[in-house]
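I open the notebook with a plain list of things to look up: sheets, helix packing, and backbone oddities. The entries follow in the order I went through them.

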Amino acid sequence: MSEPFVTILDDEPEIRQMLGEVLSEAGFRTQSFARAREFEAALKHVTPDVCLVDLSLPDTDGLALVHRLALEQGASVIIISGRAQVQDRVAGLELGADDYITKPFDPTEVVARIRARLRSNRATPKSGYTARFNGWTAHFERYTLENAEGEETPFSHAEAEVLRLFLDSPKRLISRAQMQESLGGAAGESFDRAMDVRISRLRTKLGEDPKNPRLIKTIYGAGYIFLGDVAWS
């Protein structure tokens, strides 16, 4: 099995060097970039397993870049940023990031978060998997939801993970603990908020009434139940 490939995008050379050394020692292949244009040019030729992305970049809006990575490339993205405000974390997760780590950070935590993403990625649907449910078709190979009229809406890698978890276990209670175990990440408020954001966005894309959703029901104090009838092909 080849070493997992991690890209590092950060304009601080000390951060790039430190992460490169720590990740190499942990058994990852890495490639570092100081500018978004160099990073995006490299993505035309390489496919990383995980992208580490700083938000404060000199040549582009970091949040816009995260959104492009998540929707256009289906990449697994972990934000590493000095922006510690709740609204920054929420914005990053809403735009498709899989995780958010604030600076300063413990390098061993970054390694642990990457390994959690890789475990989750192994459970992500492979190319060609399609699920049909209640007038919708989820095309995981191209990260889109198609409605009964044939209109398509993109979803992110992070949203794909949650949707797949629901579609694999329809009409069964899925607790927060089960979600954390299946999707990886550290349990706690940050993980719970990430799940809330992903589920809210999925409900919106499925045309759900937020006050009375029909497909993804919240069982307060217990978890969630997906009530659709699912057929895989």
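**Entry 1: helix 6 against helix 7**

I note at the outset that this is a predicted model. I began with helix 6 and helix 7 (residues 176-183), which pack with their axes 11 Å apart and at an angle of about 120°. Helix 6 is therefore oblique to helix 7. For the handedness I recorded that helix 6 passes helix 7 in a right-handed crossing.

Next I looked up which residues make the contact. From helix 6 they are Glu161, Val162 and Leu165, and these meet Met179, Ser182 and Leu183 of helix 7. By class, the contact of helix 6 with helix 7 has four nonpolar residues, one polar and one charged. The spacing of residues within a helix is worth a reminder: an α-helix has 3.6 residues a turn, so residues three or four places apart point the same way.

**Entry 2: the three-stranded sheet**

I then asked what else helix 6 touches. Helix 6 (residues 157-168) lies across strand 10, strand 11 and strand 12, and runs at about 65° to strand 12.

These strands form an open sheet of three, in the order 10-12-11, and the pairing is antiparallel. I put down strand 10 (173-174) and strand 11 (216-219) as the edge strands, since each pairs on one side only. Between strand 10 and strand 12 (residues 223-226) I find two bridges, in the antiparallel sense. For the register I noted Leu173, whose bridge partner in strand 12 is Ile225.

On the way from helix 6 to strand 10 the chain passes through a loop that holds Lys171. I flagged Lys171 because its phi is positive, near 60°, and the residue is not a glycine. Is Lys171 buried or exposed? Its relative accessible area is 51%, so I list Lys171 as exposed.

**Entry 3: the five-stranded sheet**

I moved on to the other sheet. It is open, with five strands in the order 2-1-3-4-5 and parallel pairing. Its edges are strand 2 (29-33) and strand 5, each of which pairs on one side only. On average, neighbouring strands of this sheet are turned by 20° against each other, direction ignored.

I walked through part of the sheet strand by strand. Strand 1 (residues 5-9) and strand 3 (residues 50-53) are parallel and share four bridges. Here Val6 stands opposite Val50 of strand 3. Strand 3 runs parallel to strand 4 and is joined to it by three bridges, with Leu52 opposite Ile78 of strand 4. Strand 4 pairs with strand 5 over four bridges, again in the parallel sense. On that side Ile78 stands opposite Asp99 of strand 5.

How many residues of strand 4 (residues 77-81) are buried? Five of the five are, so I describe strand 4 as largely enclosed by the rest of the structure. I also checked the two faces: Val77, Ile79 and Ser81 point one way, Ile78 and Ile80 point the other way, and all are buried. For reference, side chains in a regular strand alternate between the two faces of the sheet.

I came back to Val50, which lies in strand 3. With a relative accessibility of 0%, which is under the 20% cut-off, Val50 counts as buried. I also logged a pair distance: the C-alpha atoms of Val50 and Arg117 are separated by 7.6 Å, while the two residues are 67 apart along the chain.

**Entry 4: backbone oddities and helix 4**

Which peptide bond is cis? I recorded the one from Lys103 to Pro104, with omega near -5°. Pro104 sits in the loop that connects strand 5 (99-102) to helix 5 (107-122).

I noted Asn134 for its positive phi of about 50°, although it is not a glycine. Asn134 belongs to the loop between strand 6 (130-133) and strand 7 (136-139). At 41% relative accessibility, I entered Asn134 as partly exposed.

Last, I looked at helix 4 (residues 86-94), where the buried residues are Asp88, Val90, Gly92 and Leu93. Just after helix 4 comes Gly96, for which I wrote down a positive phi of about 120°.

Terms used:
Residues numbered from 1 in each chain as written. Predicted model: local features only at pLDDT ≥ 70, side-chain atom pairs only at ≥ 80, totals over all residues. Heavy atoms only, no water. Pairing = 2+ DSSP bridges. Contact = heavy atoms within 4.5 Å. Axes fitted to C-alpha atoms, helices over the stretch in contact; angles between N-to-C directions. Parallel < 35°, antiparallel > 145°, perpendicular 65-115°, else oblique. Left-handed = near helix turned anticlockwise from the far one by under 90°. Nonpolar A, V, L, I, M, F, W, Y, C, P; charged D, E, K, R; others polar. Buried < 20%, exposed > 50% of the residue type's maximum accessible area, 1.4 Å probe, protein only.
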